[in-house]
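Trainee: I've got this one open on my screen and would like to go through a single part of it slowly. Could you take a close look with me?

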Amino acid sequence: MSLKKFRPNDVIINTMKAHPSCEFFVYDSQIYYNSRPVQSGAFADSVLCTSGGTGYISLYEYNIDRSSGQGYSDAEFLLLSNPDLDQPRLDPEALRSNHGNHFIYPYIVKDGSKVSFKTIRNSGGGSDQTAEMFHQYADGDIITGSYPMSASIVRELWSAVGPAGFGAGDRKNCYETGSTGNILTEWKCGPEYPHYWALKNRLNYYGARSPHYRVSSSALATRVAPAAVHHADQDYDWIKDQQTINFISVPSIFYGSQIKPGSLSLKWHYTGSLIGELQDTKHNGELIQITASDRPGTPGAREGTGSVAGVVLYEEGIILLTGSWALNGSTSRLTAGSVTNNSPSWIYFGAGANDGVSQANTSVNAPAEPSPGADTSFKKSSFNLSFKGTTKTQVVTMFAHARRGEANYSNNPTFLEYTPNEGKRNQIRITSSQVYEERTDRRIKNTVSSSYSDYSASFKRQVYISRVAVYDDAKNLIGIATLSNPVLKKEDEDFSFKIRLDI
Amino acid sequence: MVVINYESLGSTDVTTTKTLLHESIPLTGTIVTGTYKESGETETNIKNYTHGMFQSVYDYPYLSSSANHIFDMTVGYAKSSTLSGAVSAVQESKKINMYNQFSQVMMGYTSSNNTIREFELDLTLDQTGSMKDAFFINFSRLLYKDEIKPGTFNMTLLTGSWANPGSSEQKSASGSVLVIADASASSNQGTTNTLGGDYGVLYRRYGPNGSFTYSGATGSSDLGVGIIFYQAGIIALSTASFDGTPIFNSGSILSGASPTPMTVAQSFSSASISGSCNALRKRIANVSFNNSTQINSTIYFCRVPHNKYNYTANPTYLSSSQIRVKNVASDTPVSYITTVGLYSSNNELMAMAKLSEPLKKDPTNEITLRVRLDY
């Protein structure tokens, strides 16, 4: 078999950039991703087995329509269905239908390679202090993991803790207690909101894009929202440490390498009406309010329009909202466990998006209310978060040329004419330990189409090309491109096949 | 200009390891049959084809994009089988071709006269104990990954009548429930290697006490009721599993003057391939096995000597030309290591390893960072 070599201009590697659309809709603590409906199963409320509705991407889609319930093991099955044992026998049919539909789960046997799951801690640190640590397992022990793994947006509200707290930069109170539990000393220790502290460097780094990223800034001549960010320290337009910040994180599986600048849109609907929308109209990360409802008490005046309500970190998929002005004249319960009513404002955007806020814990019994759960104002708000992602796919394009006079023969057995009495031996004229010679009178099948019935057209050398194989430097077959239909190649024709491979 | 120092990795600094990641795969009978029925008896998670040579089983209605293919099923028998040549045979050539196809690929040919080697129900490969007719179950690669872990396969079958497979019409030590497992197999013994990879024998378990028709290490000639190919993820299950079952299939054949229900042998010859597969699916109560995936890792031991890397070119390291993390000028230099970069021989950055927390480095300590790269 002869191989043709690609020339330098025949192989092109480039990058294909795509911007997939992504939309989240949050209502009543449920998240809906790209308007997908819930696909219910026979064993699980959602066949993807991701708790909390459809606003998730199941990372493997491995456990489909399974439940975590325990079924009988094979030994139990046999025991319970055995008619010869002196015990109540269960019907195997009933056992079968109750055999459970367990989750598939991964496991690993601990050995010297120190391979483990990410859910197992290596050190005392980490956010999940309940997770088991690697050294608690002995060699030979089985370390188990779990599916399904899923990803969704997460919201955190970084607000002042306690009456003495001042905002997202709060630190925890730590105590040294005496023998009777009395507090001996008290000091400020680790951050209350570690995610905020982790982002502070990054926010200052992006300050070159817009001063609104900066943790503290006096760059602007006027304050963005005087009532909201007015602090005692008059040297600054704002100090994020002292602000309440609404943090929304979008996992990168939804957007790829970055959110496309300028594509982000945040809409707040109140009882079905749009009361505010944020967009990055300048494409510099500032989330500017572009629509609003009437200012409370001042019909026709729009509250907050043109103001910057927050910033977006496009590469990290993080949205930080600080705008605390009222978007309309109504009030709602938008924080968990609170009996106070909040005016809809951007710091409460996305309430219910994996943040622990729900109708149940926003309707706690206030003294003036008749019964627990009476307040349903939480359900008046719904939130829409949409953007375009950016994915980059490397693409190899190969041009395989079949020039005139080339690729005009086939080793396919049907390429040659059938001759009667053609057995295996008849194809060979002479064969011995020294000579192997095929018959010389075998003819190529004439496949030239004739315009007339019962008339064979003149013979011309032609082939039907159905596949193009690609080999590496060492002549290993590494890929086959199959045509949807074979193409006819005549001897005097040039063909170029364009083969594209995403990598 | 940032100055970067590279540390060369010597032969003692790089090693490779292999680790096996396993998954426990339970497939209950409720997935295989009965759950996703539409009007009548149409099961929406079972795909039959116009060629009729096998059927595919999914874990959810296959028209849904969420559905995963879990296995294919078919039946076949050898030309030399007693089932071959029946007057009422249906799809016989396809069944024989199917058996030959599986046996060629999995068992190869006998060395004496180059005929297709038949499946055997033992580990000896001596052309005794042949299995001339079998159900074939091909598990999806999604489930068995690199291989089925030897010694972990279990299957529970119901061997009663068609109407009530769990009934105790077939009196045996275990009632109508048949549990089979590759009891002889483990990761280093109890299997035989053939063209299709390692295979183990599926032995029948008698009674709830767990004893198998396998007599231990000397039992390579003990006959099972099927075999399992670990790397190919294929099971060949003998019809002998259902020999005592009076009504294996729902159909009937004319035997003498009146129709009689089908035994498993009659189903093999006189029912369609999909019909026999349906009958087997109805009897699968449970299948479970563990799979294996081999993870290859390269480990780089990145050694940080005491007299190096005590300073950094990071812009945040200095504040007003003073080292931030040092209070007294005469103190020894100190830095915090957060990242290890792996470079090619051309000094191109190939990979970066991030530490979960920064490590303090000063001239009084040496650090070896173990960087593992899985692929």
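Trainee: How many bridges join strand β4 of chain B to β7(B), and do the two run parallel or antiparallel?

Mentor: Keep in mind that we're looking at a predicted model. There are 7 bridges joining β4(B), which spans residues 69-77, to β7(B), and the two strands run antiparallel. If you want a spot to zoom in on, go to B:T74: its bridge partner in β7(B) is B:F136. Now follow β7(B) to its other pairing listed here, with strand β15 of chain B, residues 234-238. That pairing is antiparallel too, over 5 bridges. A handy pair to click on there is B:N138 with B:I234, its bridge partner in β15(B). As for cover, β7(B) takes in residues 133-139, and 6 of those 7 residues are buried, meaning under 20% relative accessible area.

For some wider context, let's switch to chain A. Its secondary structure comes to 5 helices and 27 strands, and 38% of its 503 residues count as buried. Take the contacts in chain A between residues at least 6 apart in sequence: 58% of them join residues at least 24 apart. The chain exposes about 28000 Å², with carbon and sulfur atoms supplying 50% of that.

Before you lean on any coordinates in chain A, check the confidence. The average pLDDT for chain A is 83, and 82% of the residues score at least 70. Residues 83-90 of chain A stay under 50, with 20 contacts beyond four places in sequence in the model. Residues 223-232 of chain A are below 50 as well, and that stretch has 17 contacts beyond near neighbours in sequence. Where pLDDT is low, don't read the predicted coordinates in detail.

Note on methods: Residues numbered from 1 in each chain as written. Chains lettered and ligands numbered in written order. Predicted model: local features only at pLDDT ≥ 70, side-chain atom pairs only at ≥ 80, totals over all residues. Heavy atoms only, no water. Buried < 20%, exposed > 50% of the residue type's maximum accessible area, 1.4 Å probe, protein only. Helix = DSSP H or I, 4+ residues; strand = E, 2+ residues; numbered from the N terminus. Pairing = 2+ DSSP bridges. Contact = heavy atoms within 4.5 Å. Areas by Shrake-Rupley, 256 points an atom, 1.4 Å probe, with all protein chains shown as cover. pLDDT = per-residue confidence, 0-100.
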